[in-house]
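Hi,

Here is the structure I promised to pass on. Have a look at it first, and then read on for my notes.

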Amino acid sequence: MVGGGIRPDGPGDVSWASSPAPPNSDLSDTAEENSVTLTIKSRVFIPETISLPMGQKTHLTIINHDSELHAFVPVGLLTHTHINLSGNGAPQFGKEGLLRVLLPTRGQTDIVFIPTRPGNYPFFCDLPGHVMRGNIVVQEKKGMVE
Ligand SMILES: [Cu+2]
């Protein structure tokens with residue numbers, strides 16, 4: 001592990017902002033957003049693999065098209081990460097952050113966050129008998145190295 005990375009709860013880099021910014025301005029609406037949709041249909045996450053650029057504001061929309069409950073359980077991706085969460089899903093938080101979101105029938109949850117650590121982050125549905133999983137890959141931006 002490499003230390004000294006950007007802390008999501010730190011003051012943040014708001015050099016793109018031209019006006020005084022409130023706390024958590026890194027998730028403000030002025031930032032360019034990377035919109036990603038994760039669909040649940042017939043007990044399958046679609047797509048199974050999602051690639052996200054590190055450091056870019058990401059708007060992840062999770063939609064449950066099934067007529068049963070599902071859960072979105074991200075492993076590691078959102079720990080110690082500031083998020084904005086909306087929609088009719090039922091989130092569960094632990095001391096390290098978002099643990100799980102329960103998505104009702106035809107439910108939708110929107111999670112806005114900034115991936116700050118590169119790596120491979122599995123996610124799954126932990127409801128009994130559901131064999132549903134996928135991967136979120138956070139990639140360092142190429143061509144941004146100084
Ligand atoms: Cu499920």
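One thing before you start: this is a predicted model.

I'd begin with Pro47, which sits in the loop between β2 (44-46) and β3 (49-53). Check the peptide bond that joins Ile46 to Pro47: it is cis, with omega at about -5 degrees.

Next, the sheet. Five strands make up an open sheet, and if you walk across it the order is β2-β1-β4-β9-β6, with mixed pairing. The edges are β2 and β6 (84-87), each of which pairs on one side only. On average, neighbouring strands in this sheet are turned by 20 degrees against each other, ignoring direction.

Inside that sheet, have a look at β1 and β4 (residues 58-64). These two strands pair in the parallel sense, over seven bridges. If you want a spot to zoom in on, take Ile40: its bridge partner in β4 is Asn64.

Over at β6, I picked out Ser86, which lies in that strand. Is Ser86 buried or exposed? It counts as exposed because just 11 other C-beta atoms lie within 10 Å, and the cut-off for exposed is 12 or fewer. You can also try a distance from here: the C-alpha atoms of Ser86 and Thr61 are 9.5 Å apart, with the two positions 25 residues apart along the chain.

Now for the backbone angles. Which residues other than glycine have a positive phi? Two to look at are Ser42, with phi near 50 degrees, and Arg106, with phi near 55 degrees.

- Ser42 is in the loop between β1 (34-41) and β2. Ser42 is exposed, since 8 other C-beta atoms lie within 10 Å.
- Arg106 is in the loop between β8 (97-103) and β9 (108-113). Arg106 is exposed too, with 11 other C-beta atoms within 10 Å.

So if you follow the chain from β1, you pass Ser42 in the loop before β2, and then Pro47 in the loop that leads from β2 to β3. Arg106 comes up in the loop that leads into β9, a strand that sits between β4 and β6 in the sheet order.

That's what I have for now. Happy to go through it together whenever suits you.

Cheers

Terms used
Residues numbered from 1 in each chain as written. Predicted model: local features only at pLDDT ≥ 70, side-chain atom pairs only at ≥ 80, totals over all residues. Helix = DSSP H or I, 4+ residues; strand = E, 2+ residues; numbered from the N terminus. Buried ≥ 20, exposed ≤ 12 C-beta atoms within 10 Å, placed from the backbone. Pairing = 2+ DSSP bridges. Axes fitted to C-alpha atoms, helices over the stretch in contact; angles between N-to-C directions.
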